[in-house]
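Thanks for making the time, everyone. I would like to walk you through one helix pair and one residue beside it.

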Amino acid sequence: GYGALLRRTGRYAEALACQNDAIIVLGEDGGRHQELFAGALVNRATSLSHLGRFAEAARDYSHAAAIFG
C-alpha cells in the first residue's frame, strides 16, 4: 500500500502515519482480516525500526508473529 511505498522511498515518518491508519481500520473489522492486520504490523515495525524506535518495533513484530502463529 501507500505506507509501504513511502517507507521504500525513505519517508519513514509519513509511512508510519499511513500504517497507523491502516492498523486502526483493520483493527476495527472484528478480526476478519487478521493476515492483513499482521502484515500492517510488520510494515509499521519496519518503519519504526528505521526511525530508531526499536522497542515499539519489537512489540509490533511480536504481535504479528503471534497472529501468524
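What follows is a short account of a helix contact, the buried side of one helix, and a glutamine.

This is a predicted model, in which local features need pLDDT of at least 70 and side-chain atom pairs count only at pLDDT 80 or more, while totals for chains, interfaces and linings use all residues. Residues are numbered from 1 along each chain as its sequence is written, and side-chain values use heavy atoms, with hydrogens and water left out.

Helices here are DSSP runs of H or I, at least four residues, numbered from the N terminus. The axes of α3 (residues 34-50) and α4 (residues 54-68) come within 8 Å and cross at roughly 160°, the axes being lines fitted to C-alpha atoms over the stretch in contact and the angles running from 0 to 180 degrees between N-to-C directions. That makes the two helices roughly antiparallel, a label for angles over 145 degrees.

For the length of α3, 17 residues at 1.5 Å a residue should span 24 Å, and the end C-alpha atoms are 24 Å apart, which agrees; the expected span is 1.5 Å times one less than the number of residues. Just after α3, Gly-52 takes a positive phi of about 80°.

The buried residues of α3 (under 20% relative accessible area, 1.4 Å probe, protein chains only) include Phe-37, Leu-41, Arg-44 and Leu-48, and the buried set packs against α1 (2-8), α2 (12-27) and α4.

Finally, Gln-19 lies in α2 and is buried, with a relative accessible area of 4%. Leaving aside residues up to four places away in sequence, Gln-19 touches Gly-3, Ala-4, Arg-7, Asn-43, Arg-44 and Ser-47, where contact means heavy atoms within 4.5 Å.

Technical notes. Angles under 35 degrees count as roughly parallel, over 145 as roughly antiparallel, 65 to 115 as roughly perpendicular and the rest as oblique. Buried means under 20% relative accessible area, exposed over 50%, partly exposed in between (1.4 Å probe, protein chains only).
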